[in-house]
Protein chains: 2
Amino acid sequence: MQDSEKKNKKEEIYQEAAKLFRQKGYNAASMRDLAERVQLKASSLYSHIGSKEEILAKICFDNAHHFIAGMEAVEAMKTDNAKKIKALLLLHIRTAIEETTSVTVFNDEWRHLSEPQLGEFILLRKDYENRFRKIIKDGEETGELKKMNTEILLYSLLNSVQWLHYWYKPEGKIKQAELEKDIVMMLMEGIASRKPKNRKD
Amino acid sequence: MQDSEKKNKKEEIYQEAAKLFRQKGYNAASMRDLAERVQLKASSLYSHIGSKEEILAKICFDNAHHFIAGMEAVEAMKTDNAKKIKALLLLHIRTAIEETTSVTVFNDEWRHLSEPQLGEFILLRKDYENRFRKIIKDGEETGELKKMNTEILLYSLLNSVQWLHYWYKPEGKIKQAELEKDIVMMLMEGIASRKPKNRKD
DNA sequence: GTCTATAACTTGATAGAC
DNA sequence: GTCTATCAAGTTATAGAC
């Protein structure tokens, strides 16, 4: 089974739609556009899918559940909070690399969902953020993390890894291992080099 | 002159358009929408502006020039590179707070520009990034910055401050001074607290 | 400058033949 | 399941009266 050529048309539509939504944005992407890319007429799409928004919803909720599953795995880890945060950063980095297209749509286009799906999606986001916030707060209490505003810390971390797809090209020069190492180092220890001012050792 | 009420209609249209583009995204925002908000019929808008895209272009290029002007000021500073980077972070933070709406549209909606404006805009972006990259490289050479991949450092810094508007509310609890202090500290020195393991002083 | 009317087009989605 | 034909609604923008 040469998986790249034929296989399931429905699957092909979903994948091509994600690419299209990513390239043009949800609203600028038309069903005629999409149909052409899967070599169908626009009306034929509706034998496979229910509506344009159904495609967007599937992409958004699949990714939301993926991140929540990752969060559950991290919460179950028996380690300190700093390691849990590192694990979450890696979850974001790896997903951004392995599922670039769909995670981009998830990140950028979810707001074009309409109610009641929009509300449900926002609840899932909030749930994820709350559980991330809990780990940060625990880390602050144990003294693993610097004393600073929890919200600033939470969202600065998220921002750093949530928008990777805007510049990182998996096929480019930077390898995944280097990306993971440097981002984690930078966020945990900062960009400034330790000043060898009062060195003793 | 009660600046909030009457004044210039053209100015009002631009400001309201920025709000609308931010709320709905450029494509989902209609000229009828916009007209209603400035209490005109859609056709009357065209006595003040040339086209929908002209509004988007103005927002995008105004902001691009603002950031490039800020970059020029920083380049002219007679300080080390770490301080220049701090100054650029503050430029982003302050702009995000003071010009939330327009900087959001600038950040999120520029890709809906059409050629040749799109190409020109991308050149301005690249120029800004190149000049930022130069400061980082200088800082790496002098040993002010940790040794890590320059691209990762550049874009992680930019990501952290470019997407502030997604969570920071100027009218919320966190004050601007705290935001500036914590973000700069976090990026320069990381989130992990110095371990008091081998303390000597 | 603002309006009504409308041109010219694109949108998501459906009906029904094959 | 795919097609042609089409609908109803929405889009930006213009023409021309006032």
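**Exercise 1. Find the domains of chain A and describe how they meet.**

Step 1. Start with the bounds: the domain assignment splits chain A into domain 1 (1–50) and domain 2 (53–191), with bounds taken from an automatic or database domain assignment. Before going on, note that this is a predicted model, in which local features need pLDDT of at least 70 and side-chain atom pairs count only at pLDDT 80 or more, while totals for chains, interfaces and linings use all residues. Residues are numbered from 1 along each chain as its sequence is written, chains are lettered from A and ligands numbered from 1 in the order in which they are written, and side-chain values use heavy atoms, leaving out hydrogens and water.

Step 2. Taken over C-alpha atoms, the centres of the two domains of chain A are 28 Å apart.

Step 3. Look at the contact (heavy atoms within 4.5 Å): 13 residues of domain 1 of chain A touch 13 residues of domain 2 of chain A.

Step 4. Between them, these domains bury about 1200 Å², with 68% of it on carbon and sulfur atoms. Buried area here is the accessible area (1.4 Å probe) that two parts lose on being put together, summed over both. A:Tyr14, A:Arg22 and A:Tyr26 supply 55% of the area that domain 1 of chain A buries against domain 2 of chain A, more than any other three residues.

**Exercise 2. Work out how chain A and chain B are related.**

Step 1. Superpose the copies by least squares on the C-alpha atoms of residues with pLDDT of at least 70 in both. A rotation of 180° with 0.0 Å of shift along its axis places chain A on chain B, with an RMSD of 0.1 Å.

Step 2. The two copies are therefore related as by a two-fold rotation axis.

Step 3. Now find the C-alpha of chain A nearest the axis: that of A:Gly190, 1.8 Å from it.

**Exercise 3. Describe the interface of chain A and chain B.**

Step 1. Each side is counted in turn: 44 residues come from chain A and 44 residues from chain B.

Step 2. The area buried between the chains is about 4100 Å², and carbon and sulfur atoms give 61% of it.

Step 3. Search for salt bridges (a side-chain nitrogen of Lys or Arg within 4 Å of a carboxyl oxygen of Asp or Glu). There are two across this interface. A salt bridge joins the side chains of A:Glu109 and B:Arg111, at 3.1 Å from N to O.
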